[in-house]
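User: I would like a close look at one part of this model, with the rest of the fold as background. Please keep to what the coordinates show.

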Amino acid sequence: MTAAEDDAAIERASALLRSTAATLAEAGARDEALARYEEPKPVLGVVPRRPTMRPLGRAWRLGALLLTAEGSIWATGISTRVAEPGRPQHHTASVEIRRAYRAAAIQGGFPMGETVNHGITPIALDETLVAGPGPLIVHGGRAWVRWGRDAPVELERYLADLAELLLHPPQGT
């Protein structure tokens, strides 16, 4: 494929993402918070401060992608449901890390029950997508999404399937 065909695929992907975002916004589909986990420097170099999560906006979770209302995308990272963190119980490291993330989300002002996505990475909609390492790639003049270990799926089909789940969630979810 030529660079012009890949450039056209990037433009089509960008337009498709904006269109999907508009559809989800118009329907009032459930979105989630985006945040950056921060460990503040100690006051005066010695008094520790609690970690927090700084809000970065909102997005719809579409599998491996987080889509904002503007049509920009992020690669998913860590998802935390805001709940009372409880006290350290000296369980496994992974349990204590999840507890610390819940505490940081509360410190950041996120409401109970909110889903907060952090450890996320912005995805530029440019030539870096051509055969890139991320979940969204352009190859052969078409945009693809890698999700898990499955073979890549064409972006158009991927967005249609996952947007449909947000617009019409299965009963009981």
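What pattern of helices and strands does the protein follow along the sequence? Then take the open sheet of 3 strands: what is its strand order, and which residues does V138 contact?

Analyst: The model is predicted, so local features are reported only at pLDDT of at least 70 and side-chain atom pairs only at pLDDT 80 or more, while totals for chains, interfaces and linings use all residues. Residues are numbered from 1 along each chain as its sequence is written, and side-chain values use heavy atoms, with hydrogens and water left out.

Read along the sequence, the pattern is α-β-β-β-β-β-α-β-β-β-β-β-α, that is, 3 helices and 10 strands. Helices here are DSSP runs of H or I with at least four residues, strands are runs of E with at least two, and both are numbered from the N terminus. The C-alpha trace spans about 55 × 40 × 30 Å along its principal axes. Of the 173 residues, 35% are buried; buried means under 20% relative accessible area, exposed over 50%, and partly exposed in between, with a 1.4 Å probe and protein chains only. Counting contacts (heavy atoms within 4.5 Å) between residues at least 6 apart in sequence, 61% join residues at least 24 apart.

The sheet in question is open and antiparallel, with the order β8-β9-β10. Its edges are β8 and β10 (153-154), each with a single partner strand, so one side of each has no neighbour in the sheet. Strands count as paired if DSSP finds at least two bridges between them. In general, strands of a sheet pair through backbone hydrogen bonds, either parallel or antiparallel.

The pairing of β8 with β9 runs over 4 bridges in the antiparallel sense. One of the bridge pairs sets L136 against V145 in β9. These two strands form a hairpin with 2 residues between them, and G140 in the turn has a positive phi of about 65°. On the other side of β9, 2 bridges join that strand to β10, again antiparallel. Here W144 stands opposite E154 in β10.

V138 lies in strand β8 and counts as buried because its relative accessibility is 1%. Leaving aside neighbours within four places in sequence, V138 is in contact with D6, A9, I10, L129, V130, A131 and A143. V138 and A163 are 25 residues apart in sequence, and their C-alpha atoms are 21 Å apart in space.

A131, one of the contacts of V138, sits in the loop between β7 (121-123) and β8. A131 counts as exposed because its relative accessible area is 58%. Its phi is positive, about 55°, although A131 is not a glycine.

Strands of this sheet also supply a nonpolar core, meaning a set of buried Ala, Val, Leu, Ile, Met, Phe, Trp, Tyr and Cys residues joined through side-chain atoms within 4.5 Å. The largest such core has 25 residues, and L65, L67, I73, L136, L155 and Y158 have the most contacts inside it. At least two residues each come from α1 (3-27), β2 (52-62), β3 (65-67), β4 (73-75), β8 (136-139), β9 (142-145) and α3 (155-167). The most come from α1, which gives 6 residues. Nonpolar side chains tend to be buried together in soluble globular proteins.

L65 shows how the sheet is tied into its surroundings: beyond its neighbours within four places in sequence, L65 contacts W60, I73, W74, T76, I123, P135, L136, V145, L155 and Y158. The bridge partners L136 and V145 are thus both on the contact list of L65. Apart from this core lies another, of 9 residues, among them A33, M53, A104 and A105.

A buried charged residue is found elsewhere. E114 is in the loop between α2 (93-107) and β6 (115-118), and counts as buried because its relative accessibility is 14%. Not counting residues up to four places away in sequence, E114 touches D31, E32, A33, R58, T80, R81 and V82. A33 in that list is also named in the core of 9 residues.
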